[in-house]
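Visitor: I'm new to protein structures and would like to look closely at just one part of this one. Could you walk me through it slowly and then show me what lies around it?

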Amino acid sequence: MQEGRTDRRGRSHSPQCTTSREDRQIVRMTVTDRSVTSRTVAQNIESVTHYSVSACTIRRRLQQSGLSARRPLVGLPLTQNHRRLRHQWCVERRMWAAEWNEVVFTDESRIFLRHHDGRIQVWRHRGERMLNNRHTGPAPGIMVWGGIGYHSRTPLVCIAGTLNIQLYISEVLEPVVLPYLQGLATTKFQQDNARPHVVRIVQRFFVNDQIELLPWLARSPDLSPIENMWSMVAQPLTQITSPAATPYQVW
């Protein structure tokens, strides 16, 4: 009212501690190594410019460039052929309703003794979630096998070591699967394409005992509801087991 104009009045503020060239260097360092921390970037910039730059400033520069810190996606890469077969598999069963009640979903799962805290993050732009998958390495734990149906579930089997063809037949199929399926009227048995599942001697076992198999696709664990069940089992175990628990205690 005093000056007769509606423009925002200029404000005095401290100058930026980084130049536009240094801002581009910050983004370039982060894009080169997506898991680099803002503190590490600040130390590198400080070693070049010889003045202090805070980690908060680094995060602010990255956010201004469209980068945000997120937990990396853990998943299996799918080729175009994988996607085509998965789509075809779903289309063929899109009208199933009561048919799913006859399917018994089975799988093995390794219950880990130590769990990752999930605090490792990567920098990425919007729409880049699928570009930076994180693959975890093996960790000590126990191997278990189980199956779930619409109205029942199989006994849980503890596998000593790694599941192989002999263990799959002698400890899973003959003592557990066969009696369980004989107690059901009609059923379709689901298993993934792990090597102990698809070898000729195992396939002959299903043919001889007239067990119908549900066709399954490679790299498709997300299509099986038993994967959700394993997550429901493993999550409480992280709260009730100590880091020094033995495999027997976990079982």
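Visitor: Let's pick strand 4. How many of its 8 residues are buried?

Guide: Happy to take you there! Please keep in mind that this is a predicted model. In strand 4, 7 of the 8 residues are buried, which leaves the strand mostly covered. "Buried" here means a relative accessible area under 20%.

Let's begin with the neighbours of strand 4. Strand 4 belongs to an open sheet of 4 strands, arranged in the order 5-4-2-6, with mixed pairing. At the edges of this sheet are strand 5 (157-159) and strand 6 (188-190), each of which pairs on one side only. From one strand to the next, the twist averages 25°.

Now look at strand 4 and strand 2 together. Strand 4 covers residues 141-148 and strand 2 covers residues 103-112; the two pair in the antiparallel sense over 8 bridges. You can follow some of the pairing residue by residue. Ser 109 has Val 144 of strand 4 as its bridge partner. Arg 110 stands opposite Met 143 in strand 4. Phe 112 has Gly 141 of strand 4 as its bridge partner. Try finding these pairs on your screen: as the number goes up in strand 2, from Ser 109 with Val 144 to Phe 112 with Gly 141, the number in strand 4 goes down, in keeping with the antiparallel sense of the pairing.

Met 143 is a good residue to pause on. It faces Arg 110 of strand 2, and it also has a bridge partner in strand 5, namely Ile 159. Strand 4 and strand 5 pair in the antiparallel sense too, over 3 bridges.

Next, step across to strand 2. Of the 10 residues in strand 2, 8 are buried, so this strand is largely enclosed by the rest of the structure. Strand 2 also pairs with strand 6, here in the parallel sense and over 3 bridges. Within that pairing, Phe 105 has Gln 190 of strand 6 as its bridge partner. With antiparallel pairing between strands 2 and 4 and parallel pairing between strands 2 and 6, you can see what "mixed" refers to in this sheet.

What packs against these strands? Helix 5 (residues 165-182) lies across strand 2, strand 4, strand 5 and strand 6, and runs at about 170° to strand 5. Helix 8 (residues 226-240) packs on the sheet as well, where it touches strand 2 and strand 4; the direction of helix 8 makes about 30° with that of strand 2.

From helix 8, let's walk back into the loop that comes before it. The loop between helix 7 (200-208) and helix 8 holds Gln 210. Gln 210 has a positive phi of about 55° although it is not a glycine. That is worth a second look, because most residues other than glycine have a negative phi. Gln 210 counts as exposed, at 74% relative accessibility.

Asp 222 is in that loop between helix 7 and helix 8 too, while Arg 86 is in helix 4 (residues 80-92). The side chains of Asp 222 and Arg 86 meet in a salt bridge, with 2.8 Å from N to O. Their pairing ties together parts that are 136 residues apart in sequence. The two partners have contrasting surroundings: Asp 222 is exposed, with a relative accessible area of 52%, whereas Arg 86 counts as buried at 15%.

The structure holds 5 salt bridges, and another of them joins the side chains of Glu 92 and Arg 93, at 3.3 Å from N to O. Arg 93 counts as buried, at 11% relative accessibility.

To finish, let's visit the surface. Leu 156, Tyr 248 and Trp 251 make a nonpolar surface patch of about 410 Å². Trp 251 lies in the segment after helix 9 (247-250), and it is partly exposed, with a relative accessible area of 45%. Compare that with strand 4, where 7 of the 8 residues are buried, and you have seen both a covered part and a surface part of this model.

Note on methods. Residues numbered from 1 in each chain as written. Predicted model: local features only at pLDDT ≥ 70, side-chain atom pairs only at ≥ 80, totals over all residues. Heavy atoms only, no water. Pairing = 2+ DSSP bridges. Axes fitted to C-alpha atoms, helices over the stretch in contact; angles between N-to-C directions. Contact = heavy atoms within 4.5 Å. Patch = residues over 30% accessible without salt bridge, like charges linked within 9 Å, V, L, I, M, F, W, Y side chains within 5 Å. Areas by Shrake-Rupley, 256 points an atom, 1.4 Å probe, with all protein chains shown as cover. Salt bridge = Lys/Arg side-chain N within 4 Å of Asp/Glu carboxyl O. Buried < 20%, exposed > 50% of the residue type's maximum accessible area, 1.4 Å probe, protein only.
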